[in-house]
Amino acid sequence: MTLSQTELSYRKSAIEGASSIGLIIALFDTLAGDLRRAAAAIRKNDIEKRCNELNHAGLVLGQLESWVDIDKGGDSAKALSRFYAHLRATMMQVSV
């Protein structure tokens with residue numbers, strides 16, 4: 001996905017003023033978009049696009065994973081961590 005300068009400026013200003021929850025929502029939106037584009041690339045047999053989208057999704061997922069505090073988050077954090085691990089494993093299977 002190539003963003004115009006206007007879109008990049010909009011995203012940058014939205015992120016700069018966002019709360020922690022706002023940032024998480026923005027990352028989830030980005031992750032969902034990456035996965036949708038990767039799925040479309042798979043249907044079109046576009047290997048380069050699939051790889052680029054899954055690589056970016058992996059970076060976004062890594063950021064989300066880094067914010068999970070299992071020690072303080074209890075069962076919810078453990079469940080979220082398991083979800084992220086499952087998503088990462090699925091993404092790796094798809095990339096092969």
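What does the protein chain average in pLDDT, and what share of the residues score at least 70? I checked that before anything else: the average pLDDT (the predictor's confidence in each residue, from 0 to 100) is 90, and 92% of the residues score at least 70.

**Ground rules.** I am looking at a predicted model, where local features need pLDDT of at least 70, side-chain atom pairs count only at pLDDT 80 or more, and totals for chains, interfaces and linings use all residues. I number residues from 1 along each chain as its sequence is written, and my side-chain values use heavy atoms, with hydrogens and water left out.

**Overall layout.** I counted 4 helices and 0 strands in the protein chain. My elements are DSSP runs numbered from the N terminus: helices are H or I with at least four residues, strands are E with at least two. Read from the N terminus on, the order is α-α-α-α. I then looked up confidence by element: helix α1 (residues 5-16) has the lowest mean pLDDT, 72, and helix α3 (residues 47-66) has the highest, 96.

I fitted a box along the principal axes, and the C-alpha atoms fill roughly 40 × 35 × 15 Å. I also looked at contacts (heavy atoms within 4.5 Å). Of those between residues at least 6 apart in sequence, 54% join residues at least 24 apart.

**Surface and burial.** How much area does the protein chain expose? I get about 6,900 Å², with carbon and sulfur atoms supplying 58% of it. The areas come from the Shrake-Rupley method with a 1.4 Å probe, and for residues only the protein chains shown count as cover. Buried residues make up 19% of the 96 residues. For me, buried means under 20% relative accessible area, exposed means over 50%, and partly exposed is in between (1.4 Å probe, protein chains only).

I found a nonpolar surface patch of about 250 Å², made by F28, L80 and F83. Patch members have over 30% relative accessible area and no salt bridge; like charges are joined within 9 Å, and nonpolar side chains (Val, Leu, Ile, Met, Phe, Trp, Tyr) within 5 Å. L80 sits in helix α4 (residues 70-95). At a relative accessible area of 32%, L80 is partly exposed.

**Salt bridges.** How many salt bridges does the structure hold? I count 4, taking a salt bridge as a side-chain nitrogen of Lys or Arg within 4 Å of a carboxyl oxygen of Asp or Glu. A note to self: side chains of opposite charge can pair when their charged atoms come close.

I started with R37 and D34, whose side chains meet at 2.7 Å, N to O. Both belong to helix α2 (residues 20-43), 3 residues apart, about one turn of the helix. D34 is buried at 3% relative accessibility, while R37 is partly exposed at 23%.

Next I followed R37 to E53, a salt bridge of 3.2 Å, N to O. R37 is in helix α2 and E53 in helix α3, so this pair ties together parts that are 16 residues apart in sequence. E53 counts as buried, at 5% relative accessibility.

E53 also forms a salt bridge with K49, at 2.9 Å, N to O. Because K49 and E53 are 4 residues apart in helix α3, about one helical turn separates them. K49 is partly exposed, with a relative accessible area of 27%. Put together, D34, R37, K49 and E53 are linked in a network of salt bridges.

**R50, a charge without a partner.** Which side chain of opposite charge is nearest to R50? I found D46, 8.4 Å away; R50 is buried yet has no salt bridge. My charge count takes Lys and Arg as positive, Asp and Glu as negative, and leaves out His and the chain ends. R50 is in helix α3. Skipping residues up to four places away in sequence, I see R50 touching A38, A41, I42, V94 and S95.

**Two more look-ups.** N45 is in the loop between α2 and α3. Its phi is positive, about 60 degrees, although N45 is not a glycine. At 62% relative accessibility, N45 is exposed.

A32 is in helix α2 and partly exposed, at 30%. From A32 to G58 I get 11 Å in space, C-alpha to C-alpha, with their positions 26 residues apart in sequence.
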